[in-house]
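Student: I should like to understand the terms used to describe a protein model. May I ask how each of them is justified?
Tutor: Certainly; let us take the terms in turn once the model is in view.

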Amino acid sequence: MSQPAHAQRAHALLGASKADQWINCPPSARLQENIPDKRSEFADEGTAAHELSELILQRRLTPCNAAERRRLDKAIEKFKQTSSYYSPEMDDAVAAYVEVVEERFMAAKTRSSDAVILLEERLDFTEWVPDGYGTGDVVLISDGVLEVIDLKYGKGVPVSAIGNPQLRLYGLGAWSNWNYLYSIHEVSMTIVQPRLDSVSTDTLLLGELIEWAETTVKPAATLADAGDGEYKSGSHCRWCKVKGSCRARAEENMKALAYEFQDPALLSLDEVGSVLVVAEQLKAWAKDVEEYAFEQAKAGARISSWKLVEGRSNRAITDKAAARKALESAELEEDKYLKPQELLGITDLEKKIGKKELASLLEGLIIKPPGKPVLVPETDKRPELNSVDQDFAGEEFEV
Ligand code: SF4
């Protein structure tokens with residue numbers, strides 16, 4: 001498969017990757033319909049990682065003759081030589097993903113020797129969603145179990161397979177494509193997010209998945225396709241293209257500000273907890289509104305009570321080589337004008353050298369000290385610290 005194929009994955013009105021949005025807020029789909037996607041470097045990097053992983057999976061897990069193996073080896077080599085996104089870090093992350101796929105495929109083969117693996121499979125869930133197509137990175141079918149596996153290369157936002165509507169739609173699409181040939185009773189959905197060392201799997205009986213499709217997806221898709229239904233804000237607004245100017249989201253957030261406190265002069269700890277929840281929500285919203293207003297102002301729009309000005313800037317040396325020469329010729333000691341050489345941080349070292357290679361080179365030299373206590377929402381996966389057993393005197397709590 002050529003590189004553009006990954007980049008050109010169609011973005012349908014009711015695409016699987018946006019399902020969380022249009023299921024929870026059906027009219028959001030038509031509202032964003034004519035707003036172009038913003039391509040980001042992160043998205044392009046993810047596309048490149050998918051490209052590389054598909055080539056490696058084809059080479060290792062699909063039947064290919066000697067000529068095809070040579071072609072794939074060349075394609076992998078060419079990718080490594082020419083992709084501006086390729087790095088040892090990508091190599092490690094893709095290897096970790098490929099390892100999970102291999103393990104799952106071996107397990108599928110153990111269940112049944114005629115297990116099937118499909119890569120970059122076009123999945124059709126139009127039975128529930130108008131124009132509902134998606135592309136599954138990996139689909140495995142074996143002994144009545146259908147498994148979809150999805151690579152998430154990003155590391156900014158953790159993504160779990162548990163209750164994930166995108167993966168569920170892929171599962172439905174894969175079942176829809178293949179149920180004429182295989183009797184499937186269970187659908188398993190996995191997300192591998194290698195740069196966060198995360199693998200999560202959700203498994204549903206086929207009946208449960210179809211019930212979800214009929215009772216949740218179909219009605220929401222009908223409303224969304226017609227541009228009907230109610231606007232509803234929530235965590236699904238994160239990737240919405242109108243999140244900075246959406247009235248429903250603004251109204252919901254302004255409602256949160258109208259919280260009525262009880263009488264005593266000091267807030268109770270329960271009230272403090274509620275304020276923190278609202279503060280998090282408002283911070284995220286304020287940032288989105290700021291970004292939206294900035295884009296509008298840059299495009300020439302007038303934002304009431306605000307104006308666009310030149311930001312503060314720092315002085316800069318225009319020609320570093322010439323400046324260095326001038327300082328050298330003044331015969332100053334080097335430490336007066338050169339920075340001492342300094343070791344890169346672990347993240348940069350991993351990026352340049354690769355995670356595994358660095359771990360072996362610096363064996364015993366990397367530690368992970370205990371982190372400072374942080375106050376987080378109780379849904380956070382980390383275990384709770386016991387403030388009675390542990391002395392936090394002098395520690396700061398960040399929120
Ligand atoms: S920002 Fe949220 S509430 Fe507004 S349209 Fe988008 S998804 Fe719906």
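Student: What share of the 399 residues in the chain is buried?
Tutor: This is a predicted model, and buried residues make up 34% of its 399 residues. A residue is called buried when its relative accessible area is under 20%.

Student: What does the chain look like as a whole, in secondary structure and domains?
Tutor: The secondary structure comprises 13 helices and five strands. The domain assignment gives domain 1 (3–226) and domain 2 (243–342), and the centres of domain 1 and domain 2 are 35 Å apart, taken over C-alpha atoms.

Student: Why is C237 called buried?
Tutor: The relative accessibility of C237 is 10%. The limit for buried is under 20%, so C237 counts as buried. C237 lies in the loop between α8 (206–226) and α9 (247–257).

Student: How do you know which residues C237 is in contact with?
Tutor: Contact requires heavy atoms within 4.5 Å. Leaving aside neighbours within four places in sequence, C237 is in contact with K243 and R249.

Student: What makes L269 exposed?
Tutor: L269 has a relative accessible area of 73%. Exposed means over 50%; therefore L269 is exposed. L269 is found in helix α10 (residues 269–298).

Student: Which residues form a nonpolar patch on the surface with L269?
Tutor: L267, V272 and V275 form the patch with L269. Together the four residues have about 350 Å² of accessible area.

Student: What makes β4 a mostly covered strand?
Tutor: In strand β4 (residues 186–193), seven of the eight residues are buried. Strand β2 (residues 133–142) is also mostly covered, with nine of its 10 residues buried.

Student: How do you know that β3 and β4 pair, and in which sense?
Tutor: At least two bridges are needed for two strands to pair. Strand β3 (residues 145–151) and β4 have seven bridges, in the parallel sense, so the requirement is met. Within this pairing, V187 in β4 is the bridge partner of L146.

Student: How many bridges join β2 to β3, and how many join β1 to β2?
Tutor: Five bridges join β2 to β3, which run antiparallel; here V138 stands opposite I149 in β3. Strand β1 (residues 116–124) is joined to β2 by eight bridges, again antiparallel, and R122 stands opposite T135 in β2.

Student: Why is the pair of E89 and K351 called a salt bridge?
Tutor: A side-chain nitrogen of Lys or Arg must lie within 4 Å of a carboxyl oxygen of Asp or Glu. For E89 and K351 the closest N and O atoms are 4.0 Å apart, so the pair meets the criterion. The pair links distant parts of the chain: E89 belongs to helix α6 (residues 88–111) and K351 to helix α12 (residues 346–353), 262 residues apart.

Student: Are E89 and K351 buried, partly exposed or exposed, and why?
Tutor: E89 has 11% relative accessibility, so E89 counts as buried, being under 20%. K351 has a relative accessible area of 37%. That value lies between the limits of 20% and 50%, so K351 is partly exposed.

Student: What makes D380 and R382 a salt bridge?
Tutor: The closest N and O atoms of D380 and R382 are 2.9 Å apart, which is within 4 Å and therefore satisfies the definition. R382 counts as exposed, because its relative accessibility of 54% is over 50%.

Note on methods:
Residues numbered from 1 in each chain as written. Predicted model: local features only at pLDDT ≥ 70, side-chain atom pairs only at ≥ 80, totals over all residues. Heavy atoms only, no water. Patch = residues over 30% accessible without salt bridge, like charges linked within 9 Å, V, L, I, M, F, W, Y side chains within 5 Å. Areas by Shrake-Rupley, 256 points an atom, 1.4 Å probe, with all protein chains shown as cover. Helix = DSSP H or I, 4+ residues; strand = E, 2+ residues; numbered from the N terminus. Buried < 20%, exposed > 50% of the residue type's maximum accessible area, 1.4 Å probe, protein only. Domains from an automatic or database assignment.
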